[in-house]
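Colleague: I am new to this one and would like to understand how you arrive at the terms you use. Could we go through it together?

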Amino acid sequence: MIRTAALLMIVVCCADSDDYCYNEPHCDPYSWGDTFPSCHPLLEHHHSPINLDHHMTRNDSLGPLHLEGFDVIQSGHWTLKNDGHSVVLQVGSGMEVSGGGLTDLYHTIQLHFHWGGPASNGSEHTVDTRRYPMEMHIVNMKSIHPNMSAALEDPTGLAVLGFFIDVVYAENVHFGHISQRLSSVAYKGQTTKIKPFPLMSLLPKHNMSQYYRYYGSLTTPPCSQVVVWTVYEVPIYISWSQLAQFTSQIFSTEEDAEQVTPLQNNFRHIHPTFSRIVSASKDAKILKGAAGQPFRSAAPGLLLSILLLGSFIFYL
Ligand SMILES: *[C@@H]1O[C@H](CO)[C@@H](O)[C@H](O)[C@H]1NC(C)=O
Ligand SMILES: *[C@@H]1O[C@H](CO)[C@@H](O)[C@H](O)[C@H]1NC(C)=O
Ligand SMILES: *[C@@H]1O[C@H](CO)[C@@H](O)[C@H](O)[C@H]1NC(C)=O
Ligand SMILES: *[C@@H]1O[C@H](CO)[C@@H](O)[C@H](O)[C@H]1NC(C)=O
Ligand SMILES: [Zn+2]
């Protein structure tokens, strides 16, 4: 009986030895390390995602990144794909990321999303422990590398731009380029062609100079510690129905599977920063928690000086 259950587990969860999952028992991000040793969160290892809080250092030399080709319509076509773990938009060549403290030029390869469920949020990074409804990752590979396997050997081989996605009552027409096409990639393995659009139209119009920077890892196996992370402070806003298209209309299983499973909560758990420095760009507001911090710690000192001054005047 037990053996049958165990066998069933293997079949259900990790039929593919190089596959991974999010929500099945014994096959969630906490156990990725069993199959992918580099996903083990050992002491002093630099994994992602992290919680962003006031333990942050301002770095005035971190200005806005240069997003080359993001404001034009690229030629050819792009491909939207459900890979069973996320919805991935594979973009052609023609877009490059540099500046903002990146020491190299990076080619944009793809973007993809992480989300929660109908009643739970699913961003990977958190801000003062708050989880946003979604997170978008734009993945860029250092241009000196001929392929991804070479980039995964370089401690700064990838630069990922992370954007929180929050929900409002208004439709985001630009986001519609992706959300309106989701029904074509509802099941694992499905792909659809997308007409290129300016990637910049997805991003926040203002406040692109406000971001956080740290060195971390891929948030999916093999969890390689090769990512220069840029997490933007100001979110992208989409509507409730656009969010629902991700949380309830995408499946982690193939169309002909005996049991279809919605793809939900496809985010990795938070990891400790250990000795890492998390930097805030020159224009970042830093966090509300941080803004309150100096005041809170200054208050008792201020009170003490008033008391001292008071007693000084008294003795005079
Ligand atoms: C600030 O950022 C620049 C550019 O990335 C970097 O060279 C420098 O080491 C950083 N300074 C600190 C104190 O982290
Ligand atoms: C989830 O997201 C909503 C909308 O942004 C927010 O109001 C709520 O506080 C978030 N919940 C958690 C637990 O972070
Ligand atoms: C990737 O690039 C490296 C370095 O040039 C090369 O040695 C390797 O064979 C390439 N791998 C693949 C799968 O193309
Ligand atoms: C966005 O930038 C504008 C102009 O610099 C600033 O006034 C505003 O407070 C920023 N918004 C946020 C949410 O930080
Ligand atoms: Zn991601």
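**Ligands, zinc and a sheet**

Modeller: Gladly! Let's begin with ligand 2, one of whose oxygen atoms is 2.6 Å from an N or O atom in the side chain of Asp166. Please keep in mind that this is a predicted model.

Colleague: What makes the pair between ligand 2 and the side chain of Asp166 a polar contact?

Modeller: A polar contact is a pair of N or O atoms within 3.5 Å. The Asp166 pair is at 2.6 Å, so it counts as a polar contact. A polar side-chain atom of Asn121 lies 2.3 Å from an oxygen atom of ligand 2, and for Arg131 a backbone N or O atom lies 3.0 Å from a ligand 2 oxygen. Those distances are also within the limit, so these pairs count too. The protein covers 49% of the 360 Å² of accessible area that ligand 2 has on its own.

Colleague: Which residues surround ligand 2, and how do they divide by class?

Modeller: Asn121, Arg130, Arg131, Pro133 and Asp166 surround ligand 2. By class, that shell has three charged residues, one polar and one nonpolar. Pro counts as nonpolar, so Pro133 is the nonpolar one.

Colleague: And what is found around ligand 3?

Modeller: Pro146, Asn147 and Ser149 are around ligand 3. An N or O atom in the side chain of Asn147 is 2.5 Å from an oxygen atom of ligand 3. Of the 360 Å² of accessible area that ligand 3 has on its own, the protein covers 27%.

Colleague: How do you know which atoms are donors to the zinc ion (ligand 5)?

Modeller: For zinc, a donor is an N, O or S atom within 2.8 Å. His112 (NE2), His114 (NE2) and His137 (ND1) coordinate the zinc ion at 2.0 to 2.1 Å, so these nitrogens qualify. Along the chain, the donors follow the spacing H-x1-H-x22-H. His114 lies in strand E7 (residues 102-115) and His137 in strand E10 (residues 134-142), so the pair ties together parts that are 23 residues apart in sequence. Both His114 and His137 are buried.

Colleague: Why are E1 and strand E8 said to pair?

Modeller: Pairing needs at least two bridges. E1 and strand E8 (residues 126-127) have two bridges, in the parallel sense, so they meet that requirement. Val127 in E8 is the bridge partner of Leu52.

Colleague: What makes strands E1 and E9 edge strands?

Modeller: The open sheet has the order E1-E8-E9, with mixed pairing. Strand E1 (51-52) and strand E9 (130-131) each pair on one side only.

Conventions
Residues are numbered from 1 along each chain as its sequence is written. Chains are lettered from A and ligands numbered from 1 in the order in which they are written. This is a predicted model: local features need pLDDT of at least 70, side-chain atom pairs count only at pLDDT 80 or more; totals for chains, interfaces and linings use all residues. Side-chain values use heavy atoms; hydrogens and water are left out. Helices (H or I, at least four residues) and strands (E, at least two) are DSSP runs, numbered from the N terminus. Donors are N, O and S atoms within 2.8 Å of the metal (3.2 Å for Na, K and Ca); water is not among the atoms, so sites may look incomplete. Buried means under 20% relative accessible area, exposed over 50%, partly exposed in between (1.4 Å probe, protein chains only). A residue is near a molecule or strand if one of its heavy atoms lies within 4 Å of it. A polar contact is a pair of N or O atoms within 3.5 Å; within protein, one must be able to donate a hydrogen and the other to accept it, and residues adjacent in sequence count only if both atoms are side-chain atoms. Accessible areas come from the Shrake-Rupley method with a 1.4 Å probe; for residues, only the protein chains shown count as cover.
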